[in-house]
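Colleague: Could you take me on a close look at one part of this model, the largest nonpolar core, and tell me how the cysteines fit in? I would be glad of one connected answer.

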Amino acid sequence: MKFSSYISAAALLAVASLTACQDDFENVDNRVSDTGALVPTNVLVDGQANEQVVSFNLKMANPVPTEVTVTYAADMSKVEAYNAIYGANAVELPAENYEILQPVATFIENAVSSSNVEVKIKDLLSLDREVVYVLPVSVVESTVPVLESQKTRYIVVRGAALINVAANMVENNASLVNASAASALSNITQFTFQCIINVDAWGGSDSNIQSIAGIESSWLFRVSDAGLPANQLQFVTPSGNITDASWQLKDKQFQRLTFTWDASTGQATLYVDGAKKNTMTGSSRSGVSWNSSNFYIGKSYNDNRWLNGLISEVRVWNRILSDAEIADATQPYLVAPDAEGLVAYWKFNEGAGTLIHDYCNGNDINCASTPKWVEISLPE
């Protein structure tokens, strides 16, 4: 399901113009301001997180000579104003779904920035993802004047896609922060690997190889190699490489990859978008071990074998997922961090910075440089 934005560009321009006009007529000399109030604050109901804390502070143009306090409270009388401004049809966020943890912003003596106001939006999983909710929080008391146009923050709670951001790994790679602690990634004999990728184009600067995840010469997923088509997936094992013509991938579209390895039989199977491809048999009979400083996502052998596109929802399991699980329409986009057999879960949903969290066992990875974070909407 794909959710579209509830605020049009025209509406934003109108609000910006209206706000600018209001500010022109306001005396802004050392009044409290909250420029973040000019655009609604979004909280996304993505079917995973059950709560989120919205935090913001206030500003003044000049240091204050004495302590200043500004107090906020929920103000549902402003719901109609929100709908009128943004051409929306939002409803009040139910009282049981929010809590104002810290309603008072305080400027200490000689400060120009206040302490934070904190609002918890909670029990998100109980809300209807097809409904847009709004929580206006307004200034109800202040020891100094507040800019009239910035007295109310609109916190908008709405349904989101299951995946809303991915990392572009061009000229980049990620490795374990603490490989010695990643024992859950050692000697996995019943192994499933999953990820979602969207590659702009196949081929590369080094033998057309693009790396997905693994260790050079030992348990590695990469695309292409000498003598292979530029889009054909290859599984590298300590006892030889495994591939098949049916393991060719597409570019410029999101593809959901699931790969299973059974060390007892040497059987390797690729699934693309839930569809099973040919099962191949390799000669290795050992388990996959990725608890190493040589494990990378987006690198093998050298830095020139990066993945030329987006990646998200990278998972490692210590069991072989069933055909039914893999075919499930939601499973590629949403899985519980404590699901049976899940031993690593890098969602690549941070949207900022270089650190990628492992939602399962805390075996975080860190990118060599900040990836380009891209807003997406999956499933489409």
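**A look into the core**

Modeller: Happy to! Please keep in mind that this is a predicted model. Before we go inside, a quick stop at a hairpin: β18 and β19 have two residues between them, and Asp-273 there takes a positive phi near 55 degrees. The two strands, residues 267–272 and 275–281, run antiparallel and are joined by five bridges, and Ala-268 stands opposite Met-280 of β19.

Now to the core itself. The largest nonpolar core has 49 residues, and the members that touch the most others are Ile-212, Trp-290 and Trp-346. Its biggest contributor is strand β12 (residues 190–199), which gives five residues. Ile-212 is a good place to look around: beyond its neighbours within four places in sequence, its contacts include Phe-193, Cys-195 and Ile-197. Also among them are Phe-221, Val-223, Leu-233, Leu-257, Tyr-296 and Leu-307, along with Arg-222 and Gly-298. A second core, separate from this one, has 35 residues, including Val-32, Leu-58, Leu-93 and Val-119.

As for the cysteines, a search of the whole structure finds zero disulfides. Cys-195, one of the contacts of Ile-212, has its nearest cysteine sulfur in Cys-367, 15 Å away. A disulfide needs sulfur atoms within 2.5 Å, so Cys-367, whose closest cysteine sulfur is that 15 Å away in Cys-195, is too far for a bond. Both cysteines are buried: Cys-195 has a relative accessible area of 2%, and Cys-367 has one of 3%.

Technical notes. Residues numbered from 1 in each chain as written. Predicted model: local features only at pLDDT ≥ 70, side-chain atom pairs only at ≥ 80, totals over all residues. Heavy atoms only, no water. Pairing = 2+ DSSP bridges. Helix = DSSP H or I, 4+ residues; strand = E, 2+ residues; numbered from the N terminus. Core = buried A, V, L, I, M, F, W, Y, C linked by side-chain atoms within 4.5 Å. Buried < 20%, exposed > 50% of the residue type's maximum accessible area, 1.4 Å probe, protein only. Contact = heavy atoms within 4.5 Å.
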